[in-house]
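Please examine the structure below before reading the exchange that follows.

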Amino acid sequence: MRNVLWGILLLTLLCGVASAATLSVEPAESTCAHGGTVDLTIRVQDVSNLGGFDIDLTWDPSAVVLDSGSGNVVIGPLFSGHANHSAINTQSGRVRVAAVNATLEGVSGSADLFTVRLKAVDDTGASTPVSIKVNNYGFLNSTSGENITVSSVTGATITTKRSNEVKARIAAA
């Protein structure tokens, strides 16, 4: 009987660990020339019954900024939501994005949560980490309203390309 109880406990722990979601920014490494853009997608994997999310994405604004063009933040196809443009702060390099899934079943497995387009404003070869912050109330809520455990969060790095521009003038003799 004791072995059966230990077996049930172990199985419960293993199932709990296996059901924890992971978050990542893809691609994990990017290089971008001054004035160029890079699209980064925030993904969730190993999730069950995802009903909604609320995430801050941050970066160093001396290296990259949120692109000012349309489509600079696109919610994934399985969600309805918006980017909180009042939470977009170009001086601090931050955007907050929240969305919900419209079905009662939620999203299970893997899904793209949203994509952001960042524009390089540095030409010295600087790098910036791009980090995910899960907000206290609202990220990865299941369709039953419970928080979903996040086992790991993997950010990204954007490196700007060093400019080798030479400015020269030719004088007439």
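The following dialogue concerns a predicted model and takes up its aromatic pairs, salt bridges, core, strand pairing and backbone.

Trainee: How many aromatic pairs does a search of the whole structure find, and what geometry does the pair of F53 and F79 have?

Mentor: The search of the whole structure finds two aromatic pairs. In one of them, the ring centres of F53 and F79 are 5.2 Å apart and the planes stand at 85 degrees. Planes over 60 degrees apart fall into one class, so the pair of F53 and F79 is edge-to-face.

Trainee: Which parts of the chain does the pair of F53 and F79 link, and how many residues apart are they?

Mentor: F53 belongs to strand β3, residues 37-58. F79 sits in the loop between β5 (73-75) and β6 (80-89). The pair thus links distant parts of the chain, at a separation of 26 residues.

Trainee: Is the pair of F53 and F114 stacked or edge-to-face?

Mentor: The ring centres of F53 and F114 lie 6.0 Å apart, with an angle of 15 degrees between the planes. The limit for one class is an angle under 30 degrees. The pair of F53 and F114 is therefore stacked.

Trainee: Are F53 and F114 buried or exposed?

Mentor: The cut-off for a buried residue is a relative accessible area under 20%. F53 has 2% relative accessibility, and F114 has 0%. Both values satisfy the cut-off, so F53 counts as buried and F114 is likewise buried.

Trainee: Which residues form one aromatic cluster?

Mentor: F53 is paired with F79, and F53 is also paired with F114. The cluster therefore consists of F53, F79 and F114.

Trainee: Which residues of the largest nonpolar core have the most contacts inside it, and which strand gives the most to this core?

Mentor: This core has 34 residues, and those with the most contacts inside it are L57, F79, L113, F114, V116 and L118. Several strands each supply at least two residues, among them β1, β7, β8 and β12. The strand that gives the most, with nine residues, is β3.

Trainee: Which residues do salt bridges that share partners join into one network?

Mentor: The count for the structure comes to five salt bridges. R43 meets E26 at 3.8 Å, N to O, and R43 also forms a salt bridge with D112, where the closest N and O atoms are 2.3 Å apart. R43 in strand β3 is 17 residues from E26 in strand β1 and 69 residues from D112 in strand β8. The network joined through these shared partners is E26, R43 and D112.

Trainee: Are E26 and D112 buried or partly exposed?

Mentor: A residue between 20% and 50% relative accessible area is neither buried nor exposed. E26 has 35% relative accessibility, and D112 has 30%. E26 therefore counts as partly exposed, and D112 also counts as partly exposed.

Trainee: Where do D54 and R96 lie, and are they buried or exposed?

Mentor: The side chains of D54 and R96 meet in a salt bridge at 2.7 Å, N to O. D54 lies in strand β3 and R96 in strand β7 (residues 94-100), so this pair ties together parts that are 42 residues apart in sequence. As to accessibility, both D54 and R96 are buried.

Trainee: Which residue of β12 is the bridge partner of E29?

Mentor: Side chains alternate along strand β2 (residues 29-32): S30 and C32 are buried on one face, while E29 and T31 point to the other and are not buried. Strand β2 pairs with strand β12 (residues 156-160) in the parallel sense over four bridges. Within β12, the bridge partner of E29 is T157.

Trainee: Which peptide bond is cis, and where does P27 lie?

Mentor: Most peptide bonds are trans. The bond from E26 to P27 is instead cis, with omega near 0 degrees. P27 lies in the loop between β1 and β2.

Trainee: What are the phi values of D46 and N49?

Mentor: Most residues other than glycine have a negative phi. D46 lies in strand β3, as does N49. Although neither is a glycine, both have a positive phi: about 55 degrees for D46 and near 60 degrees for N49.

How values were computed. Residues are numbered from 1 along each chain as its sequence is written. This is a predicted model: local features need pLDDT of at least 70, side-chain atom pairs count only at pLDDT 80 or more; totals for chains, interfaces and linings use all residues. Side-chain values use heavy atoms; hydrogens and water are left out. Rings of Phe, Tyr and Trp (its six-membered ring) pair if their centres lie within 6.5 Å; planes under 30 degrees apart count as stacked, over 60 as edge-to-face and the rest as tilted. Buried means under 20% relative accessible area, exposed over 50%, partly exposed in between (1.4 Å probe, protein chains only). A salt bridge is a side-chain nitrogen of Lys or Arg within 4 Å of a carboxyl oxygen of Asp or Glu. Two strands pair if DSSP finds at least two bridges between them. A nonpolar core is a set of buried Ala, Val, Leu, Ile, Met, Phe, Trp, Tyr and Cys residues joined through side-chain atoms within 4.5 Å.
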